[in-house]
Protein chains: 2
Amino acid sequence: MGRQMTEMLKGTLEGIVLALLVGAPAYGYEITAQLRERGFTEIAEGTVYALLVRIEQKGLVDVEKVPSEKGPPRKVYSLNAQGRVELAEFWKTWGFLADRIGELHTTDTTTEGEN
Amino acid sequence: MGRQMTEMLKGTLEGIVLALLVGAPAYGYEITAQLRERGFTEIAEGTVYALLVRIEQKGLVDVEKVPSEKGPPRKVYSLNAQGRVELAEFWKTWGFLADRIGELHTTDTTTEGEN
DNA sequence: TCTCAGTACTCAGCGTTACTATGTACTGGT
DNA sequence: ACCAGTACATAGTAACGCTGAGTACTGAGA
């Protein structure tokens with residue numbers, strides 16, 4: 001993964017995963033697959049599992065163990081009330097940052113004519 | 001500063017500062033002030049200076065020491081060719097991330113009706 | 001004169017985060 | 001018996017922003 005992307009994901013990846021979970025509960029392996037579908041093709045499995053442990057310890061999700069037909073039992077995560085609060089704050093913080101950076105971009109003429 | 005914002009700034013703050021420098025060369029104290037003007041009111045001085053040391057060591061900026069009327073000499077940073085490349089990559093990476101997250105936001109109905 | 005606010009930069013130590021690399025465990029197909 | 005796919009876990013590392021402190025210089029006010 002690119003150095004820049006790795007750093008940018010800090011703080012956003014958690015929000016991204018919470019946003020995925022607000023749609024429907026999911027388990028780690030599944031979440032990793034969803035991330036890849038959504039363009040985050042290079043996010044390591046280990047990263048996702050570590051993040052899930054973290055949001056569970058923070059109390060943002062409820063966990064249920066569900067047997068799988070083809071492998072070890074799945075840990076299904078669902079967003080709880082506290083998780084929804086955190087997600088709402090994430091959107092607010094993200095919105096603020098994206099706005100400020102957007103302003104900067106219109107000022108910066110470096111990229112004009114590119115792409 | 002909020003926990004979420006602190007984490008989100010990782011990877012973006014460098015790009016933000018590079019974008020400020022593309023407009024005109026500036027020194028640390030000045031950059032801190034510009035950041036505050038642009039809404040980043042809570043960014044610590046120490047953070048900015050540390051970042052400047054970093055981008056200098058990466059070779060993204062040229063530095064010139066200029067005497068000040070009211071205090072220690074200023075270290076004026078100007079974006080060089082390599083810095084412009086890095087900035088262009090920053091905008092690309094940011095654009096990608098912002099697009100993906102934008103897609104997620106339209107899917108996520110949590111925030112509808114708020115604000 | 002002494003003090004204090006403003007200017008300007010520096011640095012050590014810390015917590016959080018994502019990545020790498022590896023390992024475990026279970027199923028089904030060849 | 002072997003391997004690919006499924007599913008989760010974790011120790012160690014690097015990068016980055018924050019906290020809190022300190023240094024140094026100028027000029028205004030008590």
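## Two helices at a slant

Helix 3 and helix 4 of chain B sit oblique to each other, because their angle falls outside the ranges that count as roughly parallel, antiparallel or perpendicular. That angle is about 125°, and the two axes are 10 Å apart. This is a predicted model, by the way. The stretches involved are residues 28-37 for helix 3 of chain B and residues 45-57 for helix 4 of chain B.

As for handedness, helix 3 and helix 4 of chain B make a right-handed crossing. On the helix 3 side of chain B, the contact uses Gly28(B), Ile31(B) and Thr32(B), while helix 4 of chain B brings Glu45(B), Val48(B), Tyr49(B) and Leu52(B). Sort the residues of this contact by class and you get 4 nonpolar, 2 polar and 1 charged.

## Where the two protein chains meet

Chain A puts 34 residues in contact with 34 residues of chain B. On the chain A side, the elements giving two or more residues are helix 1 (3-9), helix 2 (13-23) and helix 5 (81-107). Helix 5 of chain A is the top contributor to that side, with 16 residues. The class split for the side of chain A that touches chain B is 15 nonpolar, 11 polar and 8 charged residues.

## Around DNA strand D

There are 31 residues around DNA strand D, and the ones that come nearest are Gly28(A), Gly46(A), Gly71(A), Gly46(B) and Thr47(B). From chain A, helix 3 (28-37), helix 4 (45-57) and strand 3 (74-79) each supply at least two residues of the nearby surface; from chain B, helix 1 (3-9), helix 2 (13-23) and helix 4 do so.

Helix 4 of chain B gives the most here, with 5 residues. The surface near DNA strand D breaks down into 13 nonpolar, 9 polar and 9 charged residues.

## Around DNA strand C

DNA strand C has 31 residues around it, with Gly46(A), Thr47(A), Gly28(B), Gly46(B) and Gly71(B) coming nearest. At least two residues of this surface come from each of helix 1, helix 2 and helix 4 of chain A, and from each of helix 3, helix 4 and strand 3 (74-79) of chain B.

Helix 4 of chain A has the largest share, at 5 residues. By class, the surface near DNA strand C holds 13 nonpolar, 9 polar and 9 charged residues.

## What the record says

An unreviewed UniProt entry annotates residues 17-89 of chain A as "domain: Transcription regulator PadR N-terminal". In the model, that span of chain A is 53% helix and 19% strand, and its end C-alpha atoms lie 14 Å apart.

Notes: Residues numbered from 1 in each chain as written. Chains lettered and ligands numbered in written order. Predicted model: local features only at pLDDT ≥ 70, side-chain atom pairs only at ≥ 80, totals over all residues. Axes fitted to C-alpha atoms, helices over the stretch in contact; angles between N-to-C directions. Helix = DSSP H or I, 4+ residues; strand = E, 2+ residues; numbered from the N terminus. Parallel < 35°, antiparallel > 145°, perpendicular 65-115°, else oblique. Left-handed = near helix turned anticlockwise from the far one by under 90°. Contact = placed C-beta atoms within 7 Å. Nonpolar A, V, L, I, M, F, W, Y, C, P; charged D, E, K, R; others polar. UniProt positions renumbered as here; feature names shortened; annotations may be inferred. Near = placed C-beta within 6 Å.
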